[in-house]
Amino acid sequence: TGGVITYDPGYKNTGACESAITFLDGEKGILRYRGYAIEELAEKADFLEVAYLLIFGELPSREQLEKFHKDIREQSIVAEDMKKILDGFPSSAHPMGVLSSLTNALIAFNPSSVNVDSEEDMYRAIVKIMAKFPVLTAWAYRKRAGLPLDYGDDSLGYVENFLKMMFKKPHGEYAQNKIVVDALDKLLILHADHEQNCSTSTVRIVGSSHAGLFASLSAGINALWGPLHGGANQAVIEMLEAIKADDGDTKKYMAKAKDKEDPFRLMGFGHRVYKNFDPRAKIIKKAADSLLDDLGVEDTVLDIAKGLEKEALEDKYFVDRKLYPNVDFYSGIIYRAMGIPVEMFTPMFALGRLPGWIAQWREMRLRKEPIGRPRQIYIGETLRAFKDIDYR
Ligand code: SDX
């Protein structure tokens with residue numbers, strides 16, 4: 001109602017939490033971080049600025065942003081013994097499992113990150129994970145690709161340096177492509193927070209036991225891994241590739257998605273909250289078009305995706321159920337064009353969502369919220385007497 005958000009007093013019994021971080025309106029397709037429209041932030045801000053906004057509540061001044069980045073750079077070294085843990089994984093390990101394990105393992109090397117009651121202690125834990133998570137994400141990729149682990153160059157920007165850590169070959173120069181850096185920066189902004197989604201609720205509830213930031217984030221990474229949540233971006237590309245291999249027969253997959261007997265769902269479609277277009281999907285679809293144009297990349301999978309979207313938006317089953325493309329439907333097209341392998345798509349989602357998870361954890365801790373304890377509606381047996389085993 002004109003920006004004044006009113007609460008239903010009954011919400012306290014729904015397990016809903018109060019939060020001042022992200023506002024979304026699923027019917028109108030509105031998404032705002034700390035009151036700023038996602039469309040403006042994606043156009044005018046950079047990812048580290050948006051991370052600061054989400055975590056601390058205000059867009060940073062130039063000095064605040066420089067200090068935030070300086071504090072992050074100072075924490076970007078990961079304990080060498082962490083490499084031994086990484087070495088223990090088979091190269092076939094899924095990077096999301098590696099990332100949740102390494103994020104948890106960081107606790108052992110940063111014990112002061114656990115009991116953080118003061119804002120200063122929280123800040124120290126926050127810059128540590130903002131610094132080390134991109135390194136671990138790049139290492140998870142390089143481990144799988146059989147490449148030596150690399151720290152990149154911390155004189156570069158946050159996203160620039162991540163790309164260098166990912167793709168710098170052991171020998172020879174690494175040519176930074178500004179088009180790719182800008183596209184990834186925008187994509188990470190669009191993934192940065194999304195109110196009380198599955199993984200964020202996981203971070204808040206684990207954090208509410210005071211298990212510490214890194215343990216809470218590790219739990220959130222596991223929740224995001226699921227194909228119904230962040231894992232959908234990998235499943236979308238696998239689905240589009242299957243359609244491509246099946247002579248582009250989108251009608252066959254639409255029929256499968258509508259068949260209640262078939263567990264197949266149209267990946268990248270539908271949403272728990274958006275019953276209109278996911279505003280992020282609109283921006284990502286445009287960004288995919290312009291990135292592929294700029295890079296001169298032809299990707300038939302993009303054409304298949306557009307064809308599928310057009311068919312679904314004219315199909316009664318999808319229209320009646322208000323199923324629209326979500327954030328995961330086009331993001332994989334962009335990652336592919338950047339040379340990011342499909343098993344790294346969900347880790348990219350996690351890298352984007354990191355500041356949102358941190359912001360939500362910090363808000364919950366600063367508000368001194370009690371330990372999470374969702375209630376249930378009991379639907380089991382009423383009281384009954386014990387039966388001896390010979391009478392069962
Ligand atoms: C993310 O919560 C967030 O904010 C998440 C996220 C974030 O930023 O954190 O936005 C990121 O997780 C996006 C969602 C990514 N997941 C997928 O793309 C997987 C495919 N989508 C679906 O599995 C599904 O749409 C969900 C999981 C996203 C939502 O599932 P729901 O809540 O069960 O969907 P619903 O209640 O709106 O379903 C209504 C009907 C059902 O059919 P009927 O029982 O009415 O006959 O629509 C059907 C569903 O079976 N349906 C689909 C469908 N999604 C819902 N049918 C075919 N294909 C689909 N994709």
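1. Start with His-210, which is partly exposed, its relative accessible area being 42%. You'll find His-210 in the loop that runs between helix 9 and helix 10 (213-225). What catches the eye is its backbone: phi is positive, about 65°, although His-210 is not a glycine. As background, most residues other than glycine have a negative phi. Keep in mind while reading that this is a predicted model.

2. Arg-34 belongs in the same conversation. Its phi is near 50°, again a positive value in a residue other than glycine. Arg-34 also sits in a loop, this one between strand 2 (30-33) and strand 3 (36-37).

3. Next, helix 5, which covers residues 95-109. Does its length fit or miss the expected value? With 15 residues at 1.5 Å a residue, helix 5 should span 21 Å, and its end C-alpha atoms are indeed 21 Å apart, so the two agree. Helix 5 is also largely enclosed by the rest of the structure, because eleven of its 15 residues are buried. Among them are Pro-95, Met-96, Gly-97, Val-98 and Leu-99 toward the start of the list, with Ala-105, Leu-106 and Ile-107 at its end.

4. One residue of helix 5 to click on is Leu-102. Is Leu-102 buried or exposed? Its relative accessibility is 1%, and the cut-off for buried is under 20%, so Leu-102 counts as buried. Leu-102 and Phe-133 are 31 residues apart along the chain, and their C-alpha atoms are separated by 9.1 Å.

5. Helix 8 takes in residues 178-190. Its 13 residues reach 18 Å from first C-alpha to last, close to the 18 Å expected at 1.5 Å a residue. The buried residues here include Val-180, Val-181, Ala-183 and Leu-184, then Leu-187, Leu-188, Ile-189 and Leu-190. Asp-185 is buried in helix 8 too. What caps the N-terminal end of helix 8? That is Asn-177, which places a side-chain oxygen 2.9 Å from the backbone nitrogen of Ile-179.

6. Past helix 8, in the loop that leads to helix 9 (198-207), is Gln-196. Gln-196 is partly exposed, at a relative accessible area of 25%. Try putting Gln-196 and Glu-363 on screen together: they are 167 residues apart in sequence, yet 13 Å apart in space, C-alpha to C-alpha.

7. Now for the ligand. How many residues surround the ligand? There are 25, and the closest are His-194, His-271, Arg-272, Arg-280 and Arg-353. By type, the shell around the ligand divides into ten nonpolar residues, seven polar and eight charged.

8. Some individual ligand contacts are easy to pick out. A polar backbone atom of Gly-268 is 2.8 Å from an oxygen atom of the ligand. A ligand nitrogen atom is 2.8 Å from a polar backbone atom of Phe-269. With Lys-275 the side chain takes part: one of its N or O atoms is 2.8 Å from an oxygen atom of the ligand. Taken alone the ligand exposes 1,100 Å², and the protein buries 80% of that.

9. Asp-262 is also worth a look. Its place is in the loop between helix 12 (250-258) and helix 13 (279-295). Asp-262 has a relative accessible area of 19%, and since buried means under 20%, Asp-262 is buried. What does its side chain contact? It makes a polar contact with the side chain of Lys-256, at 2.9 Å. The side chain of Asp-262 also reaches the backbone nitrogen of Phe-264, at 2.8 Å.

10. Last, the cysteines. A disulfide is a covalent bond between the sulfur atoms of two cysteines. How many disulfides does the count come to? The count is zero. Cys-17 is in no disulfide, and the nearest cysteine sulfur, that of Cys-198, is 14 Å away. Seen from the other side, Cys-198 is in no disulfide either, with the sulfur of Cys-17 as its nearest, 14 Å away. The cut-off for a disulfide is a pair of sulfur atoms within 2.5 Å, which is why this pair does not count. Cys-17 is partly exposed, with a relative accessible area of 25%, and Cys-198 counts as partly exposed at 48% relative accessibility.

How values were computed: Residues are numbered from 1 along each chain as its sequence is written. This is a predicted model: local features need pLDDT of at least 70, side-chain atom pairs count only at pLDDT 80 or more; totals for chains, interfaces and linings use all residues. Side-chain values use heavy atoms; hydrogens and water are left out. Helices (H or I, at least four residues) and strands (E, at least two) are DSSP runs, numbered from the N terminus. The expected span of a helix is 1.5 Å times one less than its number of residues. Buried means under 20% relative accessible area, exposed over 50%, partly exposed in between (1.4 Å probe, protein chains only). A polar contact is a pair of N or O atoms within 3.5 Å; within protein, one must be able to donate a hydrogen and the other to accept it, and residues adjacent in sequence count only if both atoms are side-chain atoms. A residue is near a molecule or strand if one of its heavy atoms lies within 4 Å of it. Accessible areas come from the Shrake-Rupley method with a 1.4 Å probe; for residues, only the protein chains shown count as cover. Ala, Val, Leu, Ile, Met, Phe, Trp, Tyr, Cys and Pro count as nonpolar, Asp, Glu, Lys and Arg as charged, and the others, Gly among them, as polar.
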